[in-house]
Amino acid sequence: MIGTVLAFLLFLPQARHTWTNRARPERLRGISLASQGCIIANALVWGLYAAFTDAFWTGAPGIINAPLAACTILLLLRGRRNTRPRTTCDACAAGIDHRVFITNPAGWGSIMSCTPASRPHGVIIFSRDDARALRRQRPG
């Protein structure tokens with residue numbers, strides 16, 4: 001029975017970590033889908049052994065660990081499906097007023113809000129003077 005309790009307790013920290021970070025898929029990247037599949041397979045094998053030998057306690061951890069592993073797999077798959085590559089912006093994180101100046105061709109351009117879509121295509125500016133300076137770099 002002590003082995004059963006330990007087998008259950010071994011999986012609890014990972015299940016708790018997965019559940020508390022379910023809304024933040026980037027924090028779940030280190031959890032392996034294959035290891036979760038192994039936990040389910042382990043639970044099935046010990047469950048079959050317990051059924052054939054009438055040794056309930058050898059299969060008991062699987063009653064809890066297998067559903068937790070299945071839920072972990074679902075959360076991982078959902079999180080990986082919804083994860084989009086993001087670019088970070090220190091100015092956004094600091095709450096500093098700024099925009100993105102997108103040029104094409106050089107010297108001409110548009111000023112847009114700073115978003116993950118606009119950031120990779122422009123230069124972050126903090127004032128209209130920054131935009132004027134960039135426009136002055138017009139060739140010829």
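**Group meeting: a predicted model, from one salt bridge outwards**

Good morning. I begin with a side-chain pair: Arg-132 and Asp-129 form a salt bridge, with 2.5 Å from N to O. Please bear in mind throughout that this is a predicted model. How many salt bridges does the structure hold? The count is one. Both partners, Arg-132 and Asp-129, belong to helix H5, which covers residues 128-135, and they sit three residues apart, about one turn of the helix. Arg-132 has a relative accessible area of 43%, and is therefore classed as partly exposed.

Let me place that helix in the overall arrangement. The protein has five helices and three strands. Read from the N terminus, the order is α-α-α-α-β-β-β-α.

As to overall dimensions, the radius of gyration of the protein is 26 Å, whereas a compact globule of 140 residues would have a value near 14 Å. Along the principal axes, the C-alpha atoms occupy a box of roughly 85 × 25 × 15 Å. Of the 140 residues, 25% are buried. The accessible surface amounts to about 9,900 Å², and carbon and sulfur atoms account for 62% of that surface. Turning to charge, there are 17 positive and 6 negative charges, and their mean positions lie 5 Å apart. Finally, for contacts between residues at least 6 apart in sequence, 57% link residues at least 24 apart.

I now turn to individual residues, starting with helix H1. This helix spans residues 2-20 and contains His-17; Thr-4 is also found in H1. Is Thr-4 buried or exposed? Its relative accessibility is 11%, so Thr-4 counts as buried. Setting aside residues up to four places away in sequence, Thr-4 touches Trp-57, Thr-58, Ala-60 and Pro-61.

His-17 has a relative accessibility of 33% and is therefore partly exposed. Beyond its neighbours within four places in sequence, His-17 contacts Arg-27, Leu-28 and Ile-31. For one of these partners, Arg-27, we have a backbone separation: its C-alpha atom is 9.1 Å from that of His-17, the two residues being ten apart along the chain.

Next is helix H2, residues 33-53, where Gln-36 is found. The relative accessible area of Gln-36 is 0%, so this residue is buried. Which residues does Gln-36 touch, not counting those up to four places away in sequence? They are Phe-11, Gln-14, Ile-31, Ala-69, Thr-72, Ile-73 and Leu-76. Ile-31 appears in this list, and it is also a contact of His-17.

The last residue I wish to discuss brings us back towards the opening pair. Ile-125 lies in strand E3, which runs over residues 123-125. With 4% relative accessibility, Ile-125 is classed as buried, because the cut-off is under 20%. Leaving aside neighbours within four places in sequence, its contacts are His-98, Arg-99, Phe-101, Ile-111, Asp-130, Ala-131 and Leu-134. His-98 is 27 residues away along the chain, yet the C-alpha atoms of Ile-125 and His-98 are 5.7 Å apart. Asp-130, Ala-131 and Leu-134, which Ile-125 contacts, have numbers within the range of helix H5, residues 128-135.

To close, I return to the salt bridge: Arg-132 and Asp-129 are joined within helix H5. Thank you for your attention.

Notes:
Residues numbered from 1 in each chain as written. Predicted model: local features only at pLDDT ≥ 70, side-chain atom pairs only at ≥ 80, totals over all residues. Heavy atoms only, no water. Helix = DSSP H or I, 4+ residues; strand = E, 2+ residues; numbered from the N terminus. Rg over C-alpha atoms; globule rule 2.2 N^0.38 Å. Buried < 20%, exposed > 50% of the residue type's maximum accessible area, 1.4 Å probe, protein only. Contact = heavy atoms within 4.5 Å. Areas by Shrake-Rupley, 256 points an atom, 1.4 Å probe, with all protein chains shown as cover. Lys, Arg positive; Asp, Glu negative; His and termini not counted. Charge placed at Lys NZ, Arg CZ, Asp CG, Glu CD. Salt bridge = Lys/Arg side-chain N within 4 Å of Asp/Glu carboxyl O.
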